[in-house]
Amino acid sequence: MISIERKYPKKLLILESILRRLPQDNPEYEKYLRQYKIAKHGYEGELRVDREWKDIQLELKHFLLHSYQTINEHGTIHQIDTIFLSCQFVLLLEIKNISGTLVFDEDKYQFLRTQVDNTIESFYNPIDQIERHAILIKTIMNKMDLYIPIEIAIVIANSATIIGVKPRDTLIFHVSGLRSKVNKLILKHPKPRITLEQLVSFKETLLEMYCDVELLPKFEKSNLVKGAICSNCNSSVPMKYTRGVFCCNRCNFTSRNAIFESLHDYRLLFDEWITNNRVRQFFGIESIYSANKLLKRANLVSYGNNRGRKYLIPNDILEKSK
Ligand SMILES: [Zn+2]
């Protein structure tokens, strides 16, 4: 049973909005594009492993918490790709979607990747990462007087990746091996260590401790193009708003829905609140009346009266255009 579903990361949403609004000749464009590709690739790897879980039918009662995030008592953050909870054992997964040949050097705490062209790169060792998470989970369990074995594993989502040297005692395997590894762990820990009631209360405690700790990209707001961006040609000159329609000067594409896409970006990059004045500044509209009409069409919930009125942009603003 899935207790926390994996959500589309906010970091990716923000990077998509930045890339839509940062001119391609800006010196920082490539940096954000690189960040986006890496994060997107990682997320796709996580989804690949989630799909594998869906295919695994277990009789053992269990809970899955995907992309679990929390802060420990020292104030540092934990992002655990997947937690599997059962009465017999707990399994923590770190998911890597990396290509090439991977080498885990236990002595030097090094994690190296060699690519086809023989370039070697060093990454933060995922074993250290997952062991740190295991300490957190153990601390929480001990406080609740629960003692369940904790297993850790690194799952490689890319089937073409070659797993080279690795520590003997650490589970590192391709996603296709997940079913078999989980079944082996069930055989390794055949007896329930806690009752189902205790398991549920442990899960509830973890859910209560959940908080959004995703590290979000930093950016210079003044570098971003304001207004409605043409979804047809992506011109860095914003669309012009006349008589209820946005029109692109470059390709003549017209859109009534550009308001929703723009407010979606506005919410992610500037503020979740907007006022009539801000609408005029952002879209380059002079008339208060036209700005009001646009806000009405967006159908936003408003607070306050007259000049102080502000509107809340919901996180599903894009759905409203459908
Ligand atoms: Zn256009």
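Ala, Val, Leu, Ile, Met, Phe, Trp, Tyr, Cys and Pro count here as nonpolar, Asp, Glu, Lys and Arg as charged, and the others as polar. The legends below describe a predicted model.

**Figure 1. Lining of the largest cavity in the predicted model.** A search of the whole structure finds one cavity of 30 Å³ or more. The volume of the largest cavity is about 30 Å³. Ile18, Leu22, Asn26, Glu28 and Tyr32 line the cavity, together with Phe219, Glu220, Asn223 and Leu224. By class, this lining comprises five nonpolar, two polar and two charged residues.

**Figure 2. Helix H3 (residues 126-143) and its two ends.** At 1.5 Å a residue, the 18 residues of H3 should span 26 Å, and the end C-alpha atoms are 26 Å apart, in agreement with that value. At the N-terminal end, asparagine 125 caps H3, with a side-chain oxygen 2.9 Å from the backbone nitrogen of isoleucine 127. Buried residues of H3 include Pro126, Ile127, Ile130, His133 and Ala134, as well as Leu136, Ile137, Ile140 and Met141. Aspartate 145, which follows H3, has a positive phi near 60°.

**Figure 3. Surroundings of threonine 82 in strand S3 (residues 77-86).** Threonine 82 has a relative accessible area of 0% and is therefore buried, the cut-off being under 20%. Its side chain makes a polar contact with the side chain of arginine 6 at 3.2 Å. Leaving aside residues up to four places away in sequence, threonine 82 also touches, among others, Asp50, Trp53, His66, Leu91 and Ile95.

**Figure 4. Separation of threonine 82 and threonine 254.** The two residues are 172 residues apart in sequence, and their C-alpha atoms are 44 Å apart in space.

Methods: Residues are numbered from 1 along each chain as its sequence is written. This is a predicted model: local features need pLDDT of at least 70, side-chain atom pairs count only at pLDDT 80 or more; totals for chains, interfaces and linings use all residues. Side-chain values use heavy atoms; hydrogens and water are left out. On a 1 Å grid over the protein atoms alone, a cavity is a set of points where a 1.4 Å probe fits but cannot get out, and a pocket is an open set with protein on both sides within 12 Å along at least five of seven lines; lining residues have an atom within 4 Å of a point. Grid points are joined across faces, edges and corners, and a volume is the space filled by probe spheres set on the points. Helices (H or I, at least four residues) and strands (E, at least two) are DSSP runs, numbered from the N terminus. The expected span of a helix is 1.5 Å times one less than its number of residues. Buried means under 20% relative accessible area, exposed over 50%, partly exposed in between (1.4 Å probe, protein chains only). A polar contact is a pair of N or O atoms within 3.5 Å; within protein, one must be able to donate a hydrogen and the other to accept it, and residues adjacent in sequence count only if both atoms are side-chain atoms. Contact means heavy atoms within 4.5 Å.
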